[in-house]
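Good morning, colleagues. Please take a moment with the sequence and the model that are about to appear on the screen.

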Amino acid sequence: MGVAVVGIPTAAGALGFSAAGIAADSIGTKMMSAADIMNGGRVAAGSVVATLQSIGAAGVPAAVSAATTATGAALGVLKDL
């Protein structure tokens with residue numbers, strides 16, 4: 001579950017979907033263009049592109065980010081024991 005909570009927003013960001021919108025010259029822009037052409041000039045609500053942009057806009061919540069960092073730090077300490 002934790003991997004999905006962090007991994008999916010990270011993957012969306014890597015494709016160019018972010019809180020600031022879809023990054024220029026990214027895979028996300030190509031996806032949006034294709035979706036726009038297929039849907040007659042609009043991106044359908046609930047589509048993959050719309051969903052990825054929603055995820056990119058939301059990002060990883062601060063609490064999840066902090067918990068992931070703390071878990072990683074604890075695992076790093078345990079590894080060295």
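**Two buried serines and a nonpolar core**

I begin with serine 47, which counts as buried because its relative accessibility is 18%, and the cut-off for that class is under 20%. I should say at once that this is a predicted model. Serine 47 sits in the loop that links helix 2 with helix 3, the latter spanning 48-58. What does the side chain of serine 47 reach? Its partner is the backbone oxygen of alanine 44, at 2.8 Å.

Let me now place this loop in the chain as a whole. The protein chain holds four helices and two strands. Read from the N terminus, the order of elements is α-β-β-α-α-α. The chain has 81 residues, and 17% of them count as buried. Its accessible surface amounts to about 5300 Å², with 71% of that area belonging to carbon and sulfur atoms. If we consider contacts between residues at least 6 apart in sequence, 49% of them join residues at least 24 apart.

The second serine is serine 26. Where is serine 26 found? It occupies the loop between strand 2 (21-22) and helix 2 (27-38). Serine 26 is buried as well, since its relative accessible area is 12%, again under the 20% limit. Its side chain makes a polar contact with the backbone oxygen of leucine 15 at 3.4 Å. Leaving aside residues up to four places away in sequence, serine 26 touches Leu15 and Gly16. At the start of helix 2, a side-chain oxygen of serine 26 also comes within 3.2 Å of the backbone nitrogen of glycine 28.

Helix 2 itself deserves a word. It comprises twelve residues, and the span from its first C-alpha to its last is 17 Å, close to the 16 Å expected at 1.5 Å a residue. After helix 2 comes glycine 40, which has a positive phi, near 65°.

I close with the nonpolar side of the model. Which residues form the largest nonpolar core? There are five: Ala12, Phe17, Ala35, Val49 and Leu52. Of these, Ala35 falls within helix 2, which runs over 27-38, while Val49 and Leu52 fall within helix 3, at 48-58. Alanine 12 touches two other members of the core, Phe17 and Leu52. Alanine 12 also touches Ile55 and Gly56, again not counting residues up to four places away in sequence.

Thank you for your attention.

How values were computed:
Residues numbered from 1 in each chain as written. Predicted model: local features only at pLDDT ≥ 70, side-chain atom pairs only at ≥ 80, totals over all residues. Heavy atoms only, no water. Buried < 20%, exposed > 50% of the residue type's maximum accessible area, 1.4 Å probe, protein only. Contact = heavy atoms within 4.5 Å. Areas by Shrake-Rupley, 256 points an atom, 1.4 Å probe, with all protein chains shown as cover. Polar contact = N/O pair within 3.5 Å; in protein donor to acceptor, adjacent residues only side chain to side chain. Core = buried A, V, L, I, M, F, W, Y, C linked by side-chain atoms within 4.5 Å. Expected span 1.5 Å × (residues − 1).
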